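I opened the notebook to record what I looked up in this structure. The entries follow in the order I made them.

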Amino acid sequence: MSNHSPAAGRSLLYLVVAGAAWGTAGAAASLLFLASDLGPLALSFWRCAGGLVVLLAVLAVRRRPAAGRTRPSAGSLIGTGLLFTLFQAAYFGAVRETGLAVGTVVTLGAGPVLIAVGARYWMGERLGRGGAVAVVGALAGLAVLVLGSGAGEVRPLGVGWALLSAAGYAAMTLRARWLGQRGAGGDPLVTTAWSVAVGAVCLLPLAVLEGMAPHAAEPGRVFWLLVYVAVVPTALAYALYFTGAAAVRAATVSVIMLIEPVSAAAIAVLLLGERLTGAVVLGTVLLLTAVGALIAAESRRPAGGPAGGPASRPAAVRQSPQSAAR
């Protein structure tokens with residue numbers, strides 16, 4: 001009988017699917033911006049509000065909550081939602097101030113570093129030499145992939161927003177992992193619903209100022225694109241993300257989620273007609289190699305053992321099979 005954890009394998013798959021789904025959000029947003037005058041903050045609000053409607057519908061028809069999970073307090077759920085909102089809003093601020101390329105590479109590049117440091121000193125998770133090499137390789141791949149074209153202008157204010165976004169993302173990931181270790185992660189659908197609800201409330205006044213109602217020549221197309229953004233890269237992807245982040249080492253989560261720009265680049269080339277460059281190919285290869293190495297290392301972790309922590313960690317704080325879904 002294998003001593004490897006089936007739950008870890010499922011969680012890794014959830015994270016890969018979530019990252020790929022997040023990558024499609026950029027393409028959908030590009031199509032929305034081309035088809036209407038919808039702004040980024042209004043789009044973020046509709047993404048959260050639509051995702052909340054979908055999640056509430058799923059929760060309403062579900063027969064019963066998943067067993068074996070501790071129900072988090074309202075304060076804990078709101079805290080996760082505020083980190084989610086910070087991550088989203090600060091990222092859009094970075095893109096506005098310093099451009100998509102620089103904003104993306106600073107946010108996604110700083111995230112794994114902050115998470116690795118936080119996991120090491122907050123939860124005692126050791127990345128290891130192989131993990132450190134994988135993180136460096138992933139960051140190199142991300143830089144080549146996003147900045148390979150030479151586009152983008154570095155502006156200090158934009159970099160500050162990007163670092164704030166990375167801090168919000170890192171705190172959200174570390175929090176999910178910390179709660180998961182203690183079996184207190186709760187139901188991933190409920191956590192996701194609270195997160196997008198908090199996001200919708202916080203973004204509503206900003207969306208009103210920017211303009212809530214999109215004007216478009218093809219309103220039906222805009223509607224279905226909004227539905228897609230609410231369902232796939234929001235409701236589905238964040239539920240899978242919270243599931244995986246509760247059961248997998250935090251630093252591993254951060255690197256696996258870098259599959260998002262790979263997915264976005266593939267869609268841009270295959271569906272949006274963008275040119276396939278050497279930088280896209282090299283960056284994609286480096287990123288996927290790093291992600292594959294970390295997936296292989298995580299799948300070899302013994303079942304029931306802590307993710308990267310000391311082998312003697314008390315059983316009471318280990319991730320239980322029942323709380324392995326986010």
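What should helix H6 span at 1.5 Å a residue, and how far apart are its end C-alpha atoms? I worked with a predicted model throughout. H6 covers residues 156-181, which is 26 residues. At 1.5 Å a residue, I expected a span of 38 Å. I found the end C-alpha atoms 37 Å apart, which agrees. I then looked past the helix. Glycine 183 follows H6, and its phi is positive, near 65°.

**Entry: the whole chain**

I stepped back to the full chain. I counted 11 helices and 0 strands. Reading from the N terminus, the elements run α-α-α-α-α-α-α-α-α-α-α. The chain has 326 residues, and buried residues make up 48% of them. I also checked sequence separation. I took contacts between residues at least 6 apart in sequence, and 91% of these join residues at least 24 apart.

**Entry: helix H3**

I repeated the length check on H3. H3 has 25 residues and should span 36 Å at 1.5 Å a residue. Its end C-alpha atoms are 36 Å apart, which agrees. Just after H3 I noted glycine 99, with a positive phi of about 95°. I listed the buried residues of H3 next. Among them are Leu77, Phe84, Phe87, Ala90 and Ala94. The buried list also includes Ser76, Thr80, Thr85, Gln88 and Thr98. Glycines appear there too, namely Gly81 and Gly93.

**Entry: aromatic pairs**

How many aromatic pairs does the structure hold? I found 11. I began with phenylalanine 45 and tryptophan 46. Their ring centres are 5.1 Å apart and their planes stand at 65°, so I logged the pair as edge-to-face. The cut-off for that label is an angle over 60 degrees. Is phenylalanine 45 buried or exposed? Phenylalanine 45 has a relative accessible area of 9%, so I marked it buried. Tryptophan 46 is at 32% relative accessibility and counts as partly exposed.

Next came phenylalanine 84 and tyrosine 238. Their ring centres are 5.0 Å apart with planes at 85°, so this pair is edge-to-face. The pair links distant parts of the chain. Phenylalanine 84 is in helix H3 (residues 74-98), and tyrosine 238 is in helix H8 (residues 219-245). The two are 154 residues apart. Both phenylalanine 84 and tyrosine 238 are buried.

I followed the ring pairs outward from there. They link Trp22, Phe84, Phe87, Tyr169, Tyr238, Tyr241 and Phe242 into a cluster.

**Entry: H6 against H8**

How do the axes of H6 and H8 cross? They cross at roughly 60° and come within 8 Å. I therefore logged H6 and H8 as oblique to each other. I wrote down both sides of the contact. H6 brings Tyr169, Met172, Thr173, Ala176 and Arg177. H8 meets them with Tyr238, Tyr241, Phe242 and Ala245. I sorted the contact residues of H6 with H8 by type: 7 nonpolar, 1 polar and 1 charged. Tyr169, Tyr238, Tyr241 and Phe242 are also in the ring cluster.

**Entry: valine 16**

My last lookup was valine 16, in helix H1 (residues 6-35). At 24% relative accessibility, valine 16 counts as partly exposed. I then took its distance to leucine 258. The C-alpha atoms of valine 16 and leucine 258 are separated by 9.2 Å. Along the chain, these two are 242 residues apart.

Technical notes:
Residues numbered from 1 in each chain as written. Predicted model: local features only at pLDDT ≥ 70, side-chain atom pairs only at ≥ 80, totals over all residues. Heavy atoms only, no water. Helix = DSSP H or I, 4+ residues; strand = E, 2+ residues; numbered from the N terminus. Expected span 1.5 Å × (residues − 1). Phe/Tyr/Trp six-rings, centres within 6.5 Å; stacked < 30°, edge-to-face > 60°. Buried < 20%, exposed > 50% of the residue type's maximum accessible area, 1.4 Å probe, protein only. Axes fitted to C-alpha atoms, helices over the stretch in contact; angles between N-to-C directions. Parallel < 35°, antiparallel > 145°, perpendicular 65-115°, else oblique. Contact = heavy atoms within 4.5 Å. Nonpolar A, V, L, I, M, F, W, Y, C, P; charged D, E, K, R; others polar.
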